[in-house]
Amino acid sequence: MITLAIETTSGILSCALFKDDALFDKIHIKTDNQQQNLMPTIKELYQKTGINKHDTSLVCVDIGPGAFTALRIGVSTAKTLAHALNVPVIGVSTLDVLYDATLLVNRDKRFDRVSIIDARRSKLFTSIFFADAKKMINLDLTPDEILYFLRESSACIFAGIGIDEYVDQIKDGLLGKEVLFAPKSLCEPDSEKIGIKGIEKFKNGEKTDYHNLVPLYIRNSDNVTRGK
């Protein structure tokens, strides 16, 4: 199975090709002009690897949350390719990828796990996966609100993007509890992470008709979908 994975959030343009579960190759660059560069970069990746694009079996794409324009470009491109190649498409939430980063830090089941992304306006896009299997996902919260929801936690692992200014506040708010932070290398947006998660979701029976694939916009002012 050949899988194409696409990542266009946070000033990144990244695309990867997988053979079955293994990364075959990827191109990862920093750019603010994903619209102009994405399709040529995907074409370059196929040429570089010698893989025929018509052998593609699955397309995976980061659906956010993130910058509106960058997400729209990535999702629109994934939908176009899935339609043209007549293959399924998987949308992958950045917050779910960050959850997986917490598992790489420590798999101990006593930890609550928190995925957070700087949403500006002193708020954070957040998903909380509690140790008792309860979860609160796709929320737009202040740091104090996150700390409130974790008030009964004894151990937490955070994985985040752009959260440096909030780290001390989180540590102070959870003083006396065991608090870990995933290193930035595990949290940075990357098509390889999107492909790994997308293939996992596909194997678990998840897929989306390309007509129904949309970016994950959490904030109401950005025409978002409310967290559940």
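What follows is a walk through this structure, from its helices to its empty spaces and its unusual backbone spots. Keep in mind along the way that the model is predicted.

Let us start with helix α3, which covers residues 94-105. Its twelve residues, at 1.5 Å each, should span 16 Å, and the C-alpha atoms at its ends are 17 Å apart, so expectation and model agree. At the N-terminal end, Ser-93 acts as a cap, with a side-chain oxygen 3.1 Å from the backbone nitrogen of Leu-95. Leu-95 is also one of the buried residues of α3, together with Thr-94, Val-97, Leu-98, Ala-101, Thr-102 and Leu-103.

Two of those buried names, Thr-94 and Val-97, come back when we look for enclosed space. There is one cavity of 30 Å³ or more, and the space in this largest cavity comes to about 50 Å³. Besides Thr-94 and Val-97, its lining includes Glu-7, Asp-62, Ile-161 and a set of residues from Cys-187 onward: Cys-187, Glu-188, Pro-189, Asp-190, Lys-193 and Ile-194. The elements contributing two or more residues to this lining are α3 and α7. By class, the lining holds five nonpolar, one polar and five charged residues.

Helix α7 runs over residues 191-203 and also contains Ile-196. With a relative accessible area of 45%, Ile-196 is partly exposed, because that value falls between the 20% and 50% cut-offs. In sequence, Ile-196 and Val-92 are 104 residues apart, yet their C-alpha atoms are 9.8 Å apart in space.

A similar pairing can be found from helix α2 (residues 68-85), where Thr-80 sits. The C-alpha atoms of Thr-80 and His-211 are 9.7 Å apart, although 131 residues separate the two in sequence. Thr-80 is exposed, at 52% relative accessible area. Within the chain, a polar atom of the Thr-80 side chain lies 2.9 Å from the backbone oxygen of Ser-76.

Cys-187, which we met in the cavity lining, leads to the cysteines. The structure holds zero disulfides. Why does Cys-187 not form one? Its closest cysteine sulfur, in Cys-156, is 15 Å away, which is too far for a bond. For Cys-60 the closest cysteine sulfur is in Cys-15, at 13 Å, so that pair is also too far apart for a bond. Both Cys-187, at 4% relative accessible area, and Cys-60, at 0%, are buried.

Turning to open space, the second largest pocket has a volume of about 470 Å³. It is lined by 21 residues, and the closest to its centre are Gly-66, Ala-67, Asp-118, Arg-120 and Phe-125. The lining divides into eleven nonpolar, five polar and five charged residues.

Finally, a few backbone details are worth a look. The peptide bond from Gly-64 to Pro-65 is cis, with omega near 10 degrees, and Pro-65 belongs to the loop between β4 (56-64) and α2. Two residues other than glycine have positive phi values: Asp-20, near 55 degrees, and Arg-121, about 55 degrees. Asp-20 lies in the loop between β2 (12-19) and β3 (22-30), where its relative accessible area of 46% makes it partly exposed. Arg-121 lies in the loop between β6 (112-118) and β7 (124-129), and at 57% it is exposed.

Methods. Residues numbered from 1 in each chain as written. Predicted model: local features only at pLDDT ≥ 70, side-chain atom pairs only at ≥ 80, totals over all residues. Heavy atoms only, no water. Helix = DSSP H or I, 4+ residues; strand = E, 2+ residues; numbered from the N terminus. Buried < 20%, exposed > 50% of the residue type's maximum accessible area, 1.4 Å probe, protein only. Disulfide = S-S within 2.5 Å. Expected span 1.5 Å × (residues − 1). Polar contact = N/O pair within 3.5 Å; in protein donor to acceptor, adjacent residues only side chain to side chain. 1 Å grid on protein atoms, 1.4 Å probe; cavity = no way out; pocket = protein on both sides within 12 Å on 5 of 7 lines; lining within 4 Å. Points joined across faces, edges and corners; volume = space filled by probe spheres on them. Nonpolar A, V, L, I, M, F, W, Y, C, P; charged D, E, K, R; others polar.
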